[in-house]
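Hi everyone, thanks for making time this morning. I'd like to walk you through the inside of a protein. Let's have it up on the screen.

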Amino acid sequence: QSQLSQALNGLSDRAKEAKEFLVQLRNMVQQIQENSVEFEACLVAQCDALIDALNRRKAQLLSRVNKEHEHKLKVVRDQISHCTVKLRQTTGLMEYCLEVIKENDPSGFLQISDALIRRVHLTEEQWGKGTLTPRMTTDFDLNLDNAPLLQSIHQLDFVQMKVSSPVPAPPILQLEECCTHNNSATLSWKQPPLSTVQVEGYILELDDGNGGQFREVYVGKETMCTVDGLHFNSTYSARVKAFNKSGVSPYSKTLVLQTSEDTQSEEQTLPFPVPLERSQLRRMSPFSSTLNLQPSFSGRSYFELRSSAHQLSLHSSLQSLNSAVDIKKMVAVAWFSFDPSSAHADIIFSNDNLTVTCNSYDDRVVLGKTGFSKGLHYWELSIDRYDNHPDPAFGVARIDVLKDAMLGKDDKAWAMYVDNNRSWFMHNNSHTNRTEGGITKGATVGVLLDLTRRTLTFSINEDQQGPVAFENLEGLFFPAVSLNRNVQV
């Protein structure tokens with residue numbers, strides 16, 4: 001019994017290992033299926049890219065054929081026109097000569113005969129100088145050399161990996177360069193110092209800020225990434241892994257990040273700020289903001305929200321804090337400035353990127369650095385310079401809005417553009433709700449983005465301008481302005 005029990009223990013260990021091996025094999029089956037789908041999609045995309053390139057080249061070659069066609073037709077038509085004119089002149093001369101030959105007065109004939117003979121000989125010589133030879137051939141001297149491309153297509157095949165190299169080691173998160181600012185998080189990592197394995201790229205993952213599943217927010221070769229549009233006052237977990245042709249490394253250690261939560265802290269770092277000289281790769285994520293208020297002017301401010309059946313009024317008065325009865329809700333202040341990295345090249349920044357103008361007479365767009373997808377947000381812009389001629393526009397936009405046209409010209413922006421007498425709302429180049437009342441130098445334009453009610457409302461000098469401008473807003477929005485060189489905000 002003792003011997004059998006010992007034997008069974010060894011067999012039980014083998015059975016346990018076999019079960020674990022079966023789990024591994026089943027995971028491999030799932031991984032192979034996933035890799036197959038991914039590889040097929042990649043192959044289709046690569047072939048489609050080749051087809052697109054061939055179609056573009058075909059269009060270019062057809063354009064050359066059409067130009068040659070038009071050139072040949074022009075030369076032949078010009079020669080037809082020239083020959084027709086000369087033939088008409090020759091025919092007229094012949095008819096005149098026939099009439100002169102019929103002349104019965106010898107003296108009258110002799111007076112014009114010499115000049116007429118010279119004219120006939122000159123006209124005949126003009127016809128003999130290549131006039132009756134076509135200036136253009138009908139053949140197209142173009143021969144498409146497609147043999148090398150056909151050979152390349154026949155040789156198109158998979159490149160098998162050579163001797164497999166080891167997978168990379170887990171990356172190391174550089175805590176001294178990781179930080180949060182408002183609802184953005186910057187993460188930095190590196191390979192272990194003694195690692196010699198080649199790395200092709202990295203995969204950065206964040207959870208949803210609520211202990212949920214991780215998801216990819218960046219894939220690429222960079223070792224620093226700034227993720228925008230996170231929830232305010234939330235704790236995120238981040239991790240990164242490396243990959244090459246042989247596979248994917250294990251994850252790095254998990255880093256916990258806390259986004260801004262109140263008016264007492266503009267920036268939280270772990271434990272030092274990111275060096276300014278390091279260039280950062282920015283990537284938008286689907287995470288939303290939970291901040292209630294976002295002013296764009298310097299200095300701390302508090303706002304009081306008072307609601308009635310007819311209007312929602314906002315007051316930036318510190319005195320209102322003294323009356324506890326009037327205060328319905330204290331809202332947080334976070335900081336943002338205009339974003340040079342996404343702005344049109346003609347935008348000029350000053351005052352720590354809180355002030356913008358433009359060096360072009362055409363409208364140019366600039367966005368704020370912080371995006372919102374949730375909550376109630378209000379910010380104001382001051383008109384520092386305005387000469388009553390241009391129509392600056394204020395509102396919100398997607399990150400990929402047109403930067404070289406007035407805000408609201410495309411479907412990626414929702415805006416109010418205004419002159420010194422009146423304003424209009426504009427989205428997708430559709431103008432609505434003309435309203436009396438404009439701006440002057442020193443005026444203040446307020447933007448109220450209520451993503452709870454999914455509405456956008458504008459004000460001028462704290463008075464609401466027109467009705468609710470836009471409804472049914474959903475997604476990630478950035479504060480946005482369009483202006484030209486005659487305006488500074």
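I'll talk about the nonpolar cores and then about a cavity. Please keep in mind that this is a predicted model.

Let's start with the cores. In soluble globular proteins, nonpolar side chains tend to be buried together. Here, the largest nonpolar core has 35 residues. Which of its members touch the most others? Those are Leu449, Leu456 and Val489. Several strands feed this core with at least two residues each: E15 (355-358), E17 (376-382), E19 (393-397), E20 (413-418), E23 (444-450), E24 (455-460) and E26 (478-483).

Have a look at Leu456 for a moment. Leaving aside residues up to four places away in sequence, Leu456 touches Val396, Trp414, Val447, Leu448, Leu449, Val468, Ala469, Phe470 and Leu473. Apart from this core lies another one, made of 19 residues, with Cys178, Trp189, Tyr236 and Ala238 among them.

Now for the empty space. How many cavities of 30 Å³ or more does a search of the whole structure find? There are 2, and I'd like to show you the second largest, which holds about 30 Å³ of space. Around that cavity you'll find Phe336, Phe338, Gly368, Trp379, Leu381, Pro479, Ala480 and Val481. Strands E17 and E26 are the elements that give two or more residues to the lining, and E26 has the largest share, with 3 residues.

What is the lining like by class? It has 7 nonpolar residues, 1 polar and no charged ones.

That's my tour, and thanks for listening!

Notes: Residues are numbered from 1 along each chain as its sequence is written. This is a predicted model: local features need pLDDT of at least 70, side-chain atom pairs count only at pLDDT 80 or more; totals for chains, interfaces and linings use all residues. Side-chain values use heavy atoms; hydrogens and water are left out. A nonpolar core is a set of buried Ala, Val, Leu, Ile, Met, Phe, Trp, Tyr and Cys residues joined through side-chain atoms within 4.5 Å. Buried means under 20% relative accessible area, exposed over 50%, partly exposed in between (1.4 Å probe, protein chains only). Helices (H or I, at least four residues) and strands (E, at least two) are DSSP runs, numbered from the N terminus. Contact means heavy atoms within 4.5 Å. On a 1 Å grid over the protein atoms alone, a cavity is a set of points where a 1.4 Å probe fits but cannot get out, and a pocket is an open set with protein on both sides within 12 Å along at least five of seven lines; lining residues have an atom within 4 Å of a point. Grid points are joined across faces, edges and corners, and a volume is the space filled by probe spheres set on the points. Ala, Val, Leu, Ile, Met, Phe, Trp, Tyr, Cys and Pro count as nonpolar, Asp, Glu, Lys and Arg as charged, and the others, Gly among them, as polar.
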